[in-house]
Amino acid sequence: TRKESSAASDVYKRQINYSKERVKLSVEYLKIRHGITQSSPTINPKIIVLHYTDGGTIKSIHNYFNPATIEESRQLNKKVSALNVGSQFLIDRDGKIYQLMPDNFLARHAIGINYCAIGVENIGGDNNPLTQAQVIANAKLVRYLSKKYKIEYLVGHSEYTVFRNTPFWKETDPKYITYKSDPGKKFMEEVRALTKDLGLKAKP
């Protein structure tokens, strides 16, 4: 783990293996799932999606995201694409921010909008509520990413379906959708309160 020496001075690098196989699967995902044909897995971020992991540790979640292909037990997701799930960032309970991949590389974390969305996972869940340190860290990261990219929207994973029936939604199968509850209404309210001045929208 090495600390990033840039404007994101509080972000630690803990890269997953964005291997040739992952690049290939990500480019395929863009084409098959989003109808976007390009030779690289890069995205143009417009949306930030906040999540929680519902368990695990920085190490275990990193290890879970690290393989290029999704685990066998996730049959619904696997049928749609072999690409493993993941996120660009992961935030520990003490507020420490880890970057798992370049923030403009595709991660599979939110159906329909992965081609333009940065995912931020937080260690915790309903049985282990997210912390105030995570609220502050998410707000700090949102602020940094909003300066770096033309971010327009900040949503929770539970809210991502607001983009359905809008030009943002590019999932080619209208039946492929899952409903989520993370990271929680209270958490989103607190992060939004700290980033209100950025003028980020919650829905199109």
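The second largest pocket holds about 200 Å³ of space; a pocket here is an open set of points on a 1 Å grid over the protein atoms alone, where a 1.4 Å probe fits, with protein on both sides within 12 Å along at least five of seven lines. That volume is the space filled by probe spheres set on the points. The model is a predicted one, so local features need pLDDT of at least 70, side-chain atom pairs pLDDT 80 or more, while totals for linings use all residues. Residues are numbered from 1 along each chain, and side-chain values use heavy atoms, without hydrogens or water.

Lining this pocket are 15 residues (each with an atom within 4 Å of a point), and Pro129, Leu130, Pro183, Lys186 and Phe187 sit closest to its centre. By type, the lining splits into six nonpolar, five polar and four charged residues. Helix α5 (185-194) is one of the contributors of at least two, and with four residues α5 gives the most.

Then there is the inside of the protein. The largest nonpolar core (buried nonpolar residues joined through side-chain atoms within 4.5 Å; buried means under 20% relative accessible area with a 1.4 Å probe) has 38 residues, of which Ile47, Ile113 and Phe163 touch the most other members. Elements supplying at least two residues of this core include α1 (20-34) and β3 (47-50). A second, separate core of 23 residues includes Val11 and Leu50.

Over in α2, Ile58, Ile61, His62 and Phe65 are buried. They span an arc of only 105 degrees around the axis, which puts them on the same side of α2.

Terms used: Buried < 20%, exposed > 50% of the residue type's maximum accessible area, 1.4 Å probe, protein only. Nonpolar A, V, L, I, M, F, W, Y, C, P; charged D, E, K, R; others polar. Arc of directions from axis to C-beta.
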